[in-house]
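Reader: I am new to this structure and would like a close look at a single part of it. Please take me through that part slowly, and then show me what lies around it.

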Amino acid sequence: MVHAVFEIRGCRRFLTGLSIVAALATGATASADDTATAPASGNQNFTEVEARTNPVREKAIADLRRGLQTIWAGSNLRLGTTAVYVVDAETGEPLYKQHDSDGLNPASNVKLISTGTVLSTLGPDWRYQTHVLGSAPDENGTIDGGIYLHGNYDPTLGPQALEELALNLRSQGVTRITGDILLDESTTRDTLALSKIRITVRGGAPGKAALVETWPASNFVTIASNRVRSKKAGRSRVRVSSALVETEGEPTRIDVSIRGTIRKGHTRVLYVPIRRRSTFTGSALQRALQDAGIVVDGVVRLASFSEFNEEQGRAGLIPFPLATHESRDIASLVKRVNKRSLNHLSDRLVMSAARHIYGGPLEMSSAVALMKSWLTTIGVDADSVVLDTGSGLSYQTQLSAKQIVTVLRAAGGYAPGATSNPRAIESFRESLALGGVDGTLRSRFRVPGSKVHSRVQGKTGTLTRVIALSGFITRQDGRALCFSIVTNGHHNHRKRAVRLEHEHMVAELDAFLEDAPDAIAPTLGPVLNPAITSVAEGPGAPTPAP
């Protein structure tokens, strides 16, 4: 039941529940169902027999439609255009629709397409791989020539990965590298997924210089000037600046200068942009090797992988992978994308999937082509869709609520076409935010006495004059509704009211499931309980990156 905020509709739902019980008790006879014919998927036996011969079901659906229509026609949604499409998740039978075929902008609901595409293309166990390549060390642990850091456009590559690679080499007995550390000049393939250097300033004894640390550690960054003085009390005022220094015959570096005052025991964290990201990454690897006890005789140098191979060949050396770092699996990364709505990561994942299929560099045009190809496989007319990102961070996007529901049902395993991999299906479902629990829905669906927060899994979308919410609402027994609600053109200062009306609609769906569970089809697949299941983030069966 729905209570508190929804008390008017709650009263009507309570009466509806009593009428259903009374009808069942009197053995009411059948009458024709006025709902639309279900698509040829899901539990067809339920649709063809029970849906046409159950007056109790007709009454429950009619009440649901009246409740949703009241909200849809209300003042908070009237000033914009709101598309709504609700179906039985198992059969695809439409239960309520308004503007369901209109092309609107659903903002971050586009991530449902990009993550569905990625899971279908790469599989949930695929991982990014970053290698250190070079010749085999001799009996003294010395690697002749240089080493090459060769990545795979990993958008999650962090300093810890470089430390892991360095420790891996040291565990193999490597003690010295006689040549240079090489990597490509591309700012994405081999580099750390960082755009800023963190500068931490801590106040010490009054009158003394403050303590300064940089992260990640790198020979590329130096504290050229520390003019921050600690003081006993008062407000801390710290400023930071940086400059790229290029001197002939010397390694390129970033000089950081800080000035100001800081209170004793106080900590300030500031950031400076990373310049020359490839050189910075190579310097971070050099520092990690040194910290692991490996001497590097050479310098950091940018070169293509083919140039490195030619150098090794001229020296009579044969390079091979000496150490490998693997990212978390795609299932874990998709979970981060959809729960937290991470724009950059969603774009990078789908561009990586496109590169895996088509080859070439990372390009959004290839990613869009792959997403449209995937949409075609699940029965969406790709020519009617406007996409230019994998994240939805665009004002050009056009999708209908019906198309979003098609994506959800396919990727969620209710309709054929997306994937037959059970873990891919489970990973997609579990990547959606849980109402009142986590992700972008953490602070929503907290209605006293309502079970909505433990049942709704969804993806939000927000831009100026754009609000969207799409997903599933599921009973413990697996019976589920699939829905998409998209509002465009409202006054931006009314966005909180629009979101609340979307929540009211989902509460109506929850009440419908509570009062009349037999009005929709039982699930034919495994029941996924969103409240207790989670995507495994441990080692899987990685597929080698191209």
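How many residues lie between β18 and β19 in the hairpin that they form, and which residue in the turn has a positive phi?

Author: The model is a predicted one, and the answer is best given starting from the turn itself. Two residues lie between β18 and β19 in their hairpin, and R465, in the turn, has a positive phi of about 65°.

On one side of that turn is strand β18, made of residues 456-463. Seven of its eight residues are buried, so β18 is largely enclosed by the rest of the structure; buried here stands for under 20% relative accessible area. On the other side of the turn is strand β19, residues 466-474, and eight bridges join β18 to β19, with the two strands running antiparallel. One place to see this pairing is K459, whose bridge partner in β19 is S470.

Each arm of the hairpin also has another neighbour. Strand β17, which covers residues 433-434, pairs with β18 in the antiparallel sense over two bridges, and L434 has Q457 in β18 as its bridge partner. Strand β19, for its part, is joined by nine bridges to strand β20, residues 480-488, and these two strands again run antiparallel; in this pairing L469 stands opposite I485 of β20.

In general, strands of a sheet pair through backbone hydrogen bonds, either parallel or antiparallel. Taken together, the hairpin belongs to an open sheet of six strands, in the order β2-β1-β20-β19-β18-β17, with antiparallel pairing. The edges of this sheet are β2, residues 94-98, and β17, each of which pairs on one side only.

For a view of another part of the model, one can turn to strand β5, residues 147-150, where I147 and L149 point one way while Y148 and H150 point the other way, and all of them are buried. As a general matter, side chains in a regular strand alternate between the two faces of the sheet. Strand β5 pairs with strand β3, residues 129-134, in the antiparallel sense over three bridges, and H131 has H150 in β5 as its bridge partner. With strand β7, residues 181-183, the pairing of β5 is parallel and rests on two bridges, I147 having I181 as its bridge partner in β7.

The surface offers a further place to look, since R227, R229, R235, R237, R239 and R259 gather there in a patch of positive charge. Strands β10 (221-231) and β11 (237-245) each supply at least two residues of this patch. Among the patch residues, R239 lies in strand β11 and counts as partly exposed, because its relative accessibility is 46%.

Terms used
Residues are numbered from 1 along each chain as its sequence is written. This is a predicted model: local features need pLDDT of at least 70, side-chain atom pairs count only at pLDDT 80 or more; totals for chains, interfaces and linings use all residues. Side-chain values use heavy atoms; hydrogens and water are left out. Buried means under 20% relative accessible area, exposed over 50%, partly exposed in between (1.4 Å probe, protein chains only). Helices (H or I, at least four residues) and strands (E, at least two) are DSSP runs, numbered from the N terminus. Two strands pair if DSSP finds at least two bridges between them. Patches are made of residues with over 30% relative accessible area and no salt bridge: like charges are joined within 9 Å, nonpolar side chains (Val, Leu, Ile, Met, Phe, Trp, Tyr) within 5 Å. Accessible areas come from the Shrake-Rupley method with a 1.4 Å probe; for residues, only the protein chains shown count as cover. A salt bridge is a side-chain nitrogen of Lys or Arg within 4 Å of a carboxyl oxygen of Asp or Glu. Lys and Arg count as positive and Asp and Glu as negative; His and the chain ends are not counted. The place of a charge is taken as NZ of Lys, CZ of Arg, CG of Asp or CD of Glu.
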